[in-house]
Amino acid sequence: PMTDLTDDLFLIHPDDSTTSPAAPTLDFTRTPTVLLTFAGNRFTRSATKDYLEKFGIGVMDWRVLVMLTREPGSSVSHAAQTMGIDKAAVSRALQRMGKAGLVTSETLLKDDRRKDWTLTPFGHDLHARILERALERQRHLLSGFDPSEVEAFTGYLRRFLENLETLNASDQ
């Protein structure tokens with residue numbers, strides 16, 4: 001069910017200030033979707049820079065390492081759907097990672113397009129090393145939160161993702 005949230009909760013209106021918008025628009029400080037987008041973009045940029053400097057891979061490859069650690073033998077389609085990333089980006093990451101010796105694939109049903117991907121021992125080792133850093137970064141990002149706040153925040157994000165899924169399904 002839709003909530004009773006009014007649009008004014010998320011809008012900034014023109015006023016006499018020099019920073020005023022020309023017309024009503026989304027407020028950068030009070031709109032969850034804007035803040036989530038800004039946070040996601042900055043988080044991805046920061047993690048990519050950090051992981052490239054320390055481990056030689058970007059955040060996309062890290063996400064695939066996590067995916068294949070959780071679900072060895074995943075296909076490009078399954079990984080893309082699970083992570084919410086387009087198949088082409090997942091496929092490019094797997095090709096890069098294959099050349100680096102991090103993943104290997106098994107062709108199924110004599111169809112070169114249908115492969116199941118798994119981590120190599122080198123891929124597992126890299127995952128373990130980056131995991132330490134990822135957890136360190138997460139602790140820093142969540143500093144000042146108590147466990148119940150982290151649990152609530154995570155619950156809000158899960159509910160947000162569920163609402164996004166129903167929105168996407170209704171747009172089909």
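These are my notebook entries on one predicted model, taken helix by helix and then residue by residue.

**Entry 1: confidence**

I started with the scores, since this is a predicted model. The mean pLDDT of the chain is 93, and 96% of the residues score at least 70. Where is confidence lowest, and where is it highest? The lowest mean, 82, belongs to strand β4 (residues 111-119), and the highest, 98, to helix α5 (residues 121-141). A reminder to myself: where pLDDT is low, the predicted coordinates should not be read in detail.

**Entry 2: helix α1**

Next I looked up helix α1, which covers residues 32-55. This helix has 24 residues and reaches 32 Å from its first C-alpha to its last, close to the 34 Å expected at 1.5 Å a residue. I found V34, A47, D50 and Y51 buried in α1. What covers them? The cover includes β2 (25-26), α2 and α5. After α1 comes G56, and I noted its positive phi, near 80 degrees.

**Entry 3: helix α2**

I then ran the length check on helix α2 (residues 59-70). Its twelve residues should span 16 Å at 1.5 Å a residue, and the end C-alpha atoms are indeed 16 Å apart, so the two values agree. Which residues of α2 are buried? My list reads V59, M60, D61, W62, V64, L65, M67 and L68.

**Entry 4: α2 against α1 and α4**

How do α1 and α2 pack? Their axes are 8 Å apart, at an angle of about 85 degrees. Roughly perpendicular means 65 to 115 degrees, so α1 and α2 count as roughly perpendicular to each other. On the α1 side I listed T44, A47, T48 and Y51, which meet V59, W62 and R63 of α2. A47 and Y51 were already in my notes as buried residues of α1, and V59 and W62 as buried residues of α2.

I turned to α2 and α4 next. The angle here is about 85 degrees too, with the axes 10 Å apart, and this pair is therefore also roughly perpendicular. From α2, the residues M60, D61, V64, L65 and L68 take part; from α4, A89, V90, A93, L94, R96 and M97. M60, D61, V64, L65 and L68 are each on the buried list for α2.

**Entry 5: α3 against α4**

Helix α3 (residues 76-83) and helix α4 (residues 87-99) have axes that come within 9 Å and cross at roughly 120 degrees. That angle makes α3 oblique to α4. Is the crossing left-handed or right-handed? I have it down as right-handed. The meeting residues are V76, S77, A79, A80 and M83 in α3, with K87, V90, S91 and L94 in α4. V90 and L94 also appear in my list of α4 residues that meet α2.

**Entry 6: three buried residues**

I picked A79 in helix α3 first. With a relative accessible area of 5%, A79 falls under the 20% cut-off and so is buried. Leaving out residues up to four places away in sequence, A79 touches M67 and V90. M67 is one of the buried residues of α2. A79 is 53 residues from L26 in sequence, and their C-alpha atoms are 33 Å apart.

My second pick was H127 in helix α5. Is H127 buried or exposed? Buried, at a relative accessible area of 11%. Beyond its neighbours within four places in sequence, H127 is in contact with W62, L65, V66 and T69. Of these, W62 and L65 were noted above as buried in α2.

The third was T120, in the loop between β4 and α5. T120 is buried as well, with a relative accessible area of 14%. With residues up to four places away in sequence set aside, T120 touches G101, L102, V103 and T104.

**Entry 7: two exposed residues**

For contrast, I looked up D16, in the loop between β1 (11-12) and β2. D16 is exposed, with a relative accessible area of 85%. From D16 to K54 it is 38 residues in sequence and 48 Å in space, C-alpha to C-alpha.

I closed with H140, another pick from helix α5. Its relative accessibility of 61% is over the 50% cut-off, so H140 counts as exposed. H140 and A22 are 118 residues apart in sequence, with 38 Å between their C-alpha atoms.

Conventions:
Residues are numbered from 1 along each chain as its sequence is written. This is a predicted model: local features need pLDDT of at least 70, side-chain atom pairs count only at pLDDT 80 or more; totals for chains, interfaces and linings use all residues. Side-chain values use heavy atoms; hydrogens and water are left out. Helices (H or I, at least four residues) and strands (E, at least two) are DSSP runs, numbered from the N terminus. The expected span of a helix is 1.5 Å times one less than its number of residues. Buried means under 20% relative accessible area, exposed over 50%, partly exposed in between (1.4 Å probe, protein chains only). pLDDT is the predictor's confidence in each residue, from 0 to 100. Axes are lines fitted to C-alpha atoms, for helices over the stretch in contact, and angles run from 0 to 180 degrees between N-to-C directions. Angles under 35 degrees count as roughly parallel, over 145 as roughly antiparallel, 65 to 115 as roughly perpendicular and the rest as oblique. A crossing is left-handed if the near helix is turned anticlockwise from the far one by less than a right angle, and right-handed if clockwise. Contact means heavy atoms within 4.5 Å.
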